[in-house]
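Trainee: Could we go through this one together, slowly? I would like to learn how to read it piece by piece.

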Amino acid sequence: MEWLRYVARSGEPDPTALAVEAADALCELAENPPAMLAAAKCLLAANPGSGPLWWIAAHLVTAVDPHTEAPRLVEVLLADHTVEAARDEPGALAGLWLQASAVGPDGFVVGNRSAKFRAKLQKELATPEMPVTVVVGRGCCLPKGLWGALKLCVENSSGAWKQTTHILSYSAANLFVAETGVGIPKEVWLRSVAGCPDPPELSRIRPRQPTAVVRLV
């Protein structure tokens with residue numbers, strides 16, 4: 001339980017690293033499914049903008065054998081080279097590049113950033129001729145139920161994600177780049193979200209106390 005408390009408080013800026021830590025922590029409770037589910041909800045409420053954390057939690061709470069599933073999921077996340085390969089993708093644009101920490105059926109999250117970054121981003125998004133490419137790593141694309149829960153938690157959270165978390169609509173991006181290829185946001189999300197469970201028990205998470213969230217678009 002101390003490990004889970006550490007992960008929940010960590011505010012880890014890297015969504016993948018946070019998800020890897022959480023996978024190991026949640027496995028400690030694999031023999032007690034209700035406790036594992038409660039712990040997963042606690043972690044998600046504390047770190048709502050991390051798509052890979054939702055992805056890991058959804059797989060583990062629905063797994064027949066979490067002990068076997070967790071190492072496989074961690075291996076999948078750690079083998080992701082989407083960010084490094086993104087600029088070499090055919091069809092990728094010059095201009096502004098963003099990395100999404102989570103993606104849903106109608107928008108995406110750009111992780112924890114400063115007020116200075118927010119001002120710069122707002123200025124660049126307001127420039128019509130500025131093409132915007134969003135890099136989407138493994139585990140970031142979430143199905144409808146998880147995405148709805150994520151948005152609710154982000155909009156009402158004051159946990160480890162104390163800095164501003166940006167929720168943007170698809171209209172803010174020209175292209176998404178993922179390991180499934182380059183394309184318009186909706187198409188890339190549809191290709192990438194396949195195989196991610198959407199357990200209803202994770203869509204019912206009580207958000208933490210409100211914090212500042214900025215909707216840029």
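Trainee: Which elements do the buried residues of H4 pack against?

Mentor: Keeping in mind that this is a predicted model, the buried residues of H4 pack against the helices H2, H3, H5 and H8, and also against strand E1, which covers residues 96–103.

Trainee: And how many residues of H4 are buried?

Mentor: H4 is mostly covered, with 11 of its 11 residues buried, and among them are Gly-51, Trp-54, Trp-55, Ile-56, His-59 and Val-61.

Trainee: OK, so what does H4 give to the largest nonpolar core?

Mentor: H4 gives the most to this core, with eight residues, and the core itself has 39 residues, of which Trp-54, Ile-56 and Leu-150 have the most contacts inside it. Helices H2 (15–27), H3 (33–46), H5 (66–78) and H8 (144–155) also each give two or more residues to it. As background, in soluble globular proteins, nonpolar side chains tend to be buried together.

Trainee: What does Ile-56 touch?

Mentor: If you leave out residues up to four places away in sequence, Ile-56 touches Ala-19, Ala-23, Leu-73 and Leu-77.

Trainee: How many residues are in the second, separate core?

Mentor: That second core has 21 residues, including Val-132, Val-134, Ala-172 and Trp-189.

Trainee: Switching to H3, which of its residues are buried?

Mentor: In H3 the buried residues are Met-36, Ala-39, Ala-40, Leu-43, Leu-44, Ala-45 and Ala-46. It helps to remember that an α-helix has 3.6 residues a turn, so residues three or four places apart point the same way.

Trainee: Why should H3 span 20 Å?

Mentor: H3 has 14 residues, and the expected span is 1.5 Å times one less than that number, so at 1.5 Å a residue it should span 20 Å, which agrees with its end C-alpha atoms being 20 Å apart.

Trainee: New topic: how much space lies in the second largest pocket, and what lines it?

Mentor: The second largest pocket holds about 250 Å³ of space, and of the 17 residues that line it, the closest to its centre are Trp-55, Arg-138, Gly-139, Glu-179 and Ser-192. H4 and helix H9 (185–193) are the elements that give two or more residues to this lining, whose residues divide into eight nonpolar, six polar and three charged.

Trainee: Last one, how many helices and strands does the chain have?

Mentor: The chain has nine helices and seven strands, and buried residues make up 50% of its 217 residues.

Terms used: Residues are numbered from 1 along each chain as its sequence is written. This is a predicted model: local features need pLDDT of at least 70, side-chain atom pairs count only at pLDDT 80 or more; totals for chains, interfaces and linings use all residues. Side-chain values use heavy atoms; hydrogens and water are left out. A nonpolar core is a set of buried Ala, Val, Leu, Ile, Met, Phe, Trp, Tyr and Cys residues joined through side-chain atoms within 4.5 Å. Buried means under 20% relative accessible area, exposed over 50%, partly exposed in between (1.4 Å probe, protein chains only). Helices (H or I, at least four residues) and strands (E, at least two) are DSSP runs, numbered from the N terminus. Contact means heavy atoms within 4.5 Å. On a 1 Å grid over the protein atoms alone, a cavity is a set of points where a 1.4 Å probe fits but cannot get out, and a pocket is an open set with protein on both sides within 12 Å along at least five of seven lines; lining residues have an atom within 4 Å of a point. Grid points are joined across faces, edges and corners, and a volume is the space filled by probe spheres set on the points. Ala, Val, Leu, Ile, Met, Phe, Trp, Tyr, Cys and Pro count as nonpolar, Asp, Glu, Lys and Arg as charged, and the others, Gly among them, as polar.
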